[in-house]
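Subject: Structure for you to look at

Dear colleague,

I am passing on the structure that we talked about, and I would be glad if you could read my notes with the model open beside them.

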Amino acid sequence: MPAQRPLLPAAALALVLALTATGCGATVETSATADGKAITLTNCGRKATYDKVPERVVTNDVGITELMFALGLEDRMAGFAMPDDKGDLSGVPWKDDYDKVPWLSKDQLTKENVLDARADLVFAGWNYGFREDGGFTPAALKKLGIPSYVLTESCRNGRAETSRGIMPPLDALYADLTNLGRLFGVEKRAATLIADFKKQVADVRAQAPAAADRPTVFLYDSGQDQPFTSGRFAAPEQIISEAGGTNVMHDLADSWTAVGWETVVERDPDVIVICDYGDVSAEQKKDFLLSYAPLRDVSAVKHRRIFVLDYVDLVESPRNPSAIARLGAYLRTVAGGA
């Protein structure tokens with residue numbers, strides 16, 4: 001997992017922030033100030049204005065929560081919601097922050113626990129807390145007088161009612177860090193993180209196999225009747241590509257979605273990456289893949305090339321660059337014939 005680095009000189013930070021703010025879709029019109037002036041950001045393609053710097057933020061899910069922690073904003077948080085099947089938190093860089101911030105729900109956020117926490121901002125995403133079912137939406141929160149910020153990876157893209165993703169996944173990560181940096185007045189910290197993450201990714205990219213040797217990769221989240229996987233707008237797309245592989249579901253203009261097993265068989269991935277979370281363990285998922293008859297001739301299954309990453313590695317989070325490095329090391333052994 002990436003460690004935080006010393007701050008860059010002010011001039012370098014200003015340059016990095018300017019590049020990321022214009023290149024990632026994180027347009028900022030006004031700066032948050034200590035005297036409480038409003039700030040307007042572009043979030044999911046829409047202008048969102050915040051009257052003040054939030055002081056009681058409530059987050060949903062592990063990746064979103066860790067974005068706040070990575071920016072050093074734990075003191076601005078009133079709590080988080082997260083199932084307890086998203087991995088061991090004891091060894092993460094933000095363990096003390098998890099211990100400090102109240103765990104409001106081991107399911108997902110509701111209006112009730114947001115109101116109980118006296119939240120002045122809800123940071124969540126579509127299918128990461130926000131949902132039409134149950135009426136937990138930014139519009140519903142606005143009626144309660146509670147502003148929201150939507151995780152950019154989860155932005156609805158208009159191609160279908162539930163399709164998500166409006167930009168490449170790492171750009172989504174950088175856009176959110178830039179926006180949050182401006183909203184909370186920690187622009188330098190955000191710029192430093194972005195610069196550090198870009199360097200980590202560039203170092204892996206420099207070692208990637210030649211285009212002709214790039215292994216093809218299928219991301220397996222869950223499901224036996226139908227596999228749940230990643231299209232080109234979820235984080236695994238760029239985690240795979242920057243690591244030196246090719247996502248076999250790149251043509252899907254969506255983030256997380258279901259496909260048919262026949263599509264997996266037809267595309268014959270060289271490697272399968274398992275997303276480790278939930279009641280079904282990574283080992284159980286691996287056993288299923290290796291024993292599922294329709295997959296027996298798929299290259300990844302025949303050669304038992306199955307790699308495991310944690311859930312938080314594979315959703316938008318500050319752990320994405322570390323995941324790229326680990327997967328990149330594995331894909332290089334596959335490309336090298338090891």
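What follows describes the pockets, then a pair of helices, and then a sheet.

Please keep in mind that this is a predicted model, in which local features need pLDDT of at least 70 and side-chain atom pairs count only at pLDDT 80 or more, whereas totals for chains, interfaces and linings use all residues. Residues are numbered from 1 along each chain as its sequence is written, and side-chain values use heavy atoms, with hydrogens and water left out.

The largest pocket (an open set of points on a 1 Å grid over the protein atoms alone, where a 1.4 Å probe fits, with protein on both sides within 12 Å along at least five of seven lines) has a volume of about 770 Å³, which is the space filled by probe spheres set on the points, joined across faces, edges and corners. Its lining, meaning residues with an atom within 4 Å of a point, has 23 residues, and Lys47, Ala48, Pro138, Ser148 and Val150 lie nearest the centre. Strand S2 (46–50), helix H5 (138–143) and strand S8 (148–150) each give two or more residues to this lining, and S2 gives the most, with five. Helices (H or I, at least four residues) and strands (E, at least two) are DSSP runs, numbered from the N terminus.

The second largest pocket has a volume of about 380 Å³, and of the 19 residues that line it, Asp61, Lys86, Asn127, Tyr128 and Tyr311 are the closest to its centre.

Turning to the helices, H7 (residues 187–205) and H13 (residues 320–335) pack with their axes 9 Å apart, at an angle of about 5°; axes are lines fitted to C-alpha atoms, for helices over the stretch in contact, and angles run from 0 to 180 degrees between N-to-C directions. H7 is therefore roughly parallel to H13, a term for angles under 35 degrees. Among the residues in contact (heavy atoms within 4.5 Å) are Phe197 of H7 and Ile324 of H13.

Finally, an open sheet of four strands has the order S11-S9-S13-S14, with parallel pairing, where two strands pair if DSSP finds at least two bridges between them. Its edge strands, S11 (246–247) and S14 (306–310), each pair on one side only. Four bridges join S9 (residues 216–220) to S13 (residues 271–276), and Phe218 has Ile272 in S13 as its bridge partner. H13 lies across S9, S13 and S14, and runs at about 175° to S14.

With best wishes

How values were computed
Parallel < 35°, antiparallel > 145°, perpendicular 65-115°, else oblique.
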